[in-house]
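Got the viewer open? Here's a short tour: what to select, and what you'll find there.

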Amino acid sequence: MKLQKLTLSIVLLFCFGFANAQDELMNELDSNKPVKKEIASAAFKGLQVANMQSTKLPAKGEFYFLVSHRFGDITDGLNNFFGLDVAYTKLGGIYGATDWLSLGFSRHTFQKNYEFAVKYKMANQEIDGFPVTIVGYNTMDIRSDLKTDLYPDLKFNDRLAYSSQLIVSRKVNNSVSVILNPILVHKNLYDELTEQKNTYLLGTGARFKIAKRLSINLDYAARLNLPEAYDYTYHNPMTLGLDIETGGHVFQLVLSNSQTMNDVSYYTTASGINQGKDIFFGFNMYRVF
């Protein structure tokens, strides 16, 4: 009987020790598991800073209908009814194919351009982790206003132009976000006197939240590879915007030194602000479905 009790005691002690060691091992394994970093909330509420693209993408399955409008030079006053007589329009759609990839298509009044766009996220800003969000953005324009009677040797390839962008943003705090954007614009057909085949730019931008649903945004791009004897017909593009968040969409009011809205033209044909003129007012409106 004593032997049985002793054996039972040893078995129970062994089982308790094994269970306790197993718990300690599981706790150690749990502590060694990589902690999943929390993704920071969006640095920008709109898909654009003002004219420049932001690092925001549609969620998977979301469709954004886009209407953008740029009036003519508002400093001409009644001569063109404060820009209403010579306005440009952009209509388009953007679809979230996945949470990290969106596809876009738009049609522009300027040069009757058709623009195809792809936007893809490569990294997210994390809380106490990776410091920035990184997004790639590429566009291809098809210029449809060119006529063969003016350009007898015109080929389809001559109608094409491209932009490639690497957009890096950081949400500094709940009120301030900043962005950096290296840009390459390539044109197959261009005016050698005032344009370049390849234009390199460095874009910057910021968002300043001033109320729960209001923010002031600014974007600017500096051209980096202008030759010394270049004709400065065009200038570095700059746009000031006001974001208004309302229900299912973000509404943006903008003032810019460029009337065009497709990326290729915006970055290469901004007329600048000359003696207080060439200031263009407009808006961007996105509706989510």
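Two strands count as paired if DSSP finds at least two bridges between them. Keep that in mind for the first stop, and remember that you're looking at a predicted model.

**Stop one: strand β10.** Select residues 238-246, which make up β10. In β11, G241 has V254 as its bridge partner. Eight bridges link β10 to β11 (residues 249-256), with the strands antiparallel. Now add β9, residues 214-223: β9 and β10 also run antiparallel, joined by seven bridges. Show L218 and you'll find L240 of β10 opposite.

Which β10 side chains are buried? T239, G241, D243 and E245 are, and they point to one face. M238, L240, L242, I244 and T246 point to the other face and are not buried.

**Stop two: the largest nonpolar core.** Select I179, I183, V185, L201 and Y267, the residues with the most contacts inside this 18-residue core. Colour β5 (133-143), β6 (160-171), β7 (176-187) and α2 (263-268) too, since each supplies at least two of the core's residues. Centre on I183: beyond its neighbours up to four places away in sequence, I183 touches S164, Q165, T199, Y200, L201, G203, A221 and Y267. Then pick L47, Y64, L66 and I94, which are among the five residues of a second, separate core.

**Last stop: L154.** Look in the loop between β5 and β6. Why does L154 count as buried? Because its relative accessibility is 16%, under the 20% cut-off. Leaving aside residues within four places in sequence, L154 contacts L146, K147, T148 and R159. Finally, try a distance label from L154 to L189: their C-alpha atoms are 9.7 Å apart, with the two residues 35 apart along the chain.

Methods:
Residues are numbered from 1 along each chain as its sequence is written. This is a predicted model: local features need pLDDT of at least 70, side-chain atom pairs count only at pLDDT 80 or more; totals for chains, interfaces and linings use all residues. Side-chain values use heavy atoms; hydrogens and water are left out. A nonpolar core is a set of buried Ala, Val, Leu, Ile, Met, Phe, Trp, Tyr and Cys residues joined through side-chain atoms within 4.5 Å. Buried means under 20% relative accessible area, exposed over 50%, partly exposed in between (1.4 Å probe, protein chains only). Helices (H or I, at least four residues) and strands (E, at least two) are DSSP runs, numbered from the N terminus. Contact means heavy atoms within 4.5 Å.
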